[in-house]
Amino acid sequence: MDFNVKKLASDAGVFFTRAVQFTGEKFGQVEKTELDAHFENLLSRADSTKNWTEKIFRQTEVLLQPNPIDHTGTRIEEFLYEKLDRTVPSRPNNGELLGHYMQDAAKDFGPGTPYGSTLIKVGDCERRLGGAQREFLQTSAISFLAPLRNFLEGDWKTISKERRLLENRRLDLDSSKARLKKAKLAESKAACEGEAVPDFQETRPRNYVLSASASALWSEEVDKAAHELRVAQTEFDRQAEVTRLLLEGISSTHVNHLRCLHEFVEAQTAYYKQCYLHMQDLQKELGRFPNAFAGNPVLPMASGGSSPQGNATLPPDAASAVETDTLKIEEVQAPATGTRKAKVLYDYDAADTSELSLLADELITVYTVPGMDSDWLVGERGNQKGRVPVTYLELLS
């Protein structure tokens, strides 16, 4: 019990001494040991690394999970599973849920209907997009978020702890310097007053040293303060070296985070590429199905005016004839005027013999054909000819 009381009193004394030193530094009343410029640069770099790493980490979490409020219950559940050291159960994400709803709706509406069959195709695509998103989130969490979190919760906490300890060592060092300085001044004053002849008529004789033992006592105090200063200087130097090594390790942290950033970019590129391929496949699948709105094509208005028959639909035989003529691309001739050059934006694989496969960045000749859907043009490349989608082209003047 006595030992604990003494330790508590000693700790209280150290805390009070540090508080006095810190307060004196703030008011500019005492001297402060300054760190060298290289050490200050290391500290500034470490603080900057911590601040920006934390911002990037938080914003990446927002990017991967845009609505954290909607997932509060999910996060609590994941936290409990993590504390219980159990695997978090897999649950469908938004894309997968949308795909399930579409496919369930198709069963209810009838998979043989145009709307039902389209829902099945789109729902399957949405499920694949959801699966790609799930894989991207998992890859990003492991390869990018985890290293950033490990730095913030591991390395940075160690650096912060050693920096606080270094600051305490510095306060102890400066307190020891101030104590030694005061002891030397008192010793010099005692020596001077000991040599002078005391005036016993002085009304306040306590201000004079009347005994030669006072100088000896101050000499002993100076020796004690000098010893404490040497110990404080040794501890400060040792702690400064430890802190310096940790701060210099920030360079390795940057290299590690750079590698993780490359992995994150690769995962993101693969994710968007996979999404693009899924949507491209869906577009081709939908192109093979008859458009429900194409069953009643409308005759164009005559330029000379309107007539009661202006909005009449084509007879079935005429509609079939137009469709048949449109599909016979090999018989279509390029017009004398009206052809244009076009740059291909994306690769495109022909769905049938009436279409022309495209390669990104190539130049082809395109033109329109009466009766063809406005979403398509006729494209020519050398001796090859076929329909091409307008959305894959950039028309050049």
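Start your tour at the open sheet of this predicted model: its five strands lie in the order β4-β3-β2-β1-β5, with antiparallel pairing. Select residues 384-389 for β4 and 393-395 for β5, and you have the edge strands, each pairing on one side only. Direction ignored, neighbouring strands of the sheet are turned by 40 degrees against each other on average.

Stay in the sheet and pick strand β2 (residues 363-367) together with strand β3 (residues 376-381); three bridges join this antiparallel pair. Click on valine 366, and glycine 379 in β3 stands opposite.

Next, colour the model by confidence. The protein chain has a mean pLDDT of 77, and 68% of its residues reach 70 or more. Select residues 250-287 to see helix α7, where confidence is highest at a mean of 93. Then go to residues 316-327: helix α8 has the lowest confidence, at a mean of 42. Two stretches to view with care are residues 196-211, with pLDDT below 50 and eight contacts beyond near neighbours in sequence, and residues 292-327, also below 50, with 15 such contacts. Where pLDDT is low, the predicted coordinates should not be read in detail.

Last stop, the cysteines. Is cysteine 260 buried or exposed? Cysteine 260 is buried, at a relative accessible area of 1%. Cysteine 275 counts as buried too, with 12% relative accessibility. Now show the sulfur of cysteine 275: the closest cysteine sulfur, in cysteine 125, is 8.6 Å away, so the two are too far apart for a bond. With a cut-off of 2.5 Å between sulfur atoms, the model has zero disulfides.

Note on methods
Residues numbered from 1 in each chain as written. Predicted model: local features only at pLDDT ≥ 70, side-chain atom pairs only at ≥ 80, totals over all residues. Heavy atoms only, no water. Buried < 20%, exposed > 50% of the residue type's maximum accessible area, 1.4 Å probe, protein only. pLDDT = per-residue confidence, 0-100. Helix = DSSP H or I, 4+ residues; strand = E, 2+ residues; numbered from the N terminus. Contact = heavy atoms within 4.5 Å. Pairing = 2+ DSSP bridges. Axes fitted to C-alpha atoms, helices over the stretch in contact; angles between N-to-C directions.
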